[in-house]
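Biologist: I would like to take a close look at a single part of this protein, and I would be glad if you could set that part within the whole as you explain it.

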Amino acid sequence: MNSIKVYYTSVSGSREVKQRQEEVIRILDAYKVQYELIDISISLKVLQEMRMKVSTPKALPPQIFNGQDYCGDFEMFHKAKENKEILKFLKME
């Protein structure tokens, strides 16, 4: 089974980014989904890796993956939550 990976930042001046990351983590915990947090603030290489994987040069965290498969960003995650399709979004069904 692949593991869920969430690219996030531990250092952000943006309250919106922080709130979005907290919501993703809260929902994953509520669904008892195991995940790995990958901190893009530890190196520029990690930030570039995230942006390359999502094919968006200005992508912001959180970005969510199942193994190497891109699931989506916060907007897509939030929509899946509203539709009660979190596990489908995470490609776990």
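Biologist: About how many Å² does the accessible surface of the protein come to, and what percentage of that surface belongs to carbon and sulfur atoms? Then please look closely at the patch on the surface that includes Leu 87.

Modeller: Please keep in mind throughout that this is a predicted model. The accessible surface of the protein comes to about 6,000 Å², and 51% of that surface belongs to carbon and sulfur atoms. On the surface there is a nonpolar patch formed by Tyr 31, Leu 87 and Met 92, and these residues together have about 240 Å² of accessible area. Among them, Leu 87 has its place in helix α4, which covers residues 86-89. Leu 87 has a relative accessible area of 32%, and because partly exposed is the term for values between 20% and 50%, Leu 87 counts as partly exposed.

To see the setting of this patch, we can turn to the whole protein, which has 4 helices and 4 strands and follows the pattern β-α-β-α-β-β-α-α when it is read along the sequence. The radius of gyration of the protein is 12 Å, close to the 12 Å that the globule rule gives for 93 residues, so the protein is as compact as a globular protein of that length. Its C-alpha trace spans about 35 × 30 × 20 Å along the principal axes, and buried residues make up 40% of the 93 residues. Of the contacts in the protein with a separation of 6 or more, 60% are accounted for by residues 24 or more positions apart.

Note on methods:
Residues numbered from 1 in each chain as written. Predicted model: local features only at pLDDT ≥ 70, side-chain atom pairs only at ≥ 80, totals over all residues. Heavy atoms only, no water. Patch = residues over 30% accessible without salt bridge, like charges linked within 9 Å, V, L, I, M, F, W, Y side chains within 5 Å. Areas by Shrake-Rupley, 256 points an atom, 1.4 Å probe, with all protein chains shown as cover. Salt bridge = Lys/Arg side-chain N within 4 Å of Asp/Glu carboxyl O. Helix = DSSP H or I, 4+ residues; strand = E, 2+ residues; numbered from the N terminus. Buried < 20%, exposed > 50% of the residue type's maximum accessible area, 1.4 Å probe, protein only. Rg over C-alpha atoms; globule rule 2.2 N^0.38 Å. Contact = heavy atoms within 4.5 Å.
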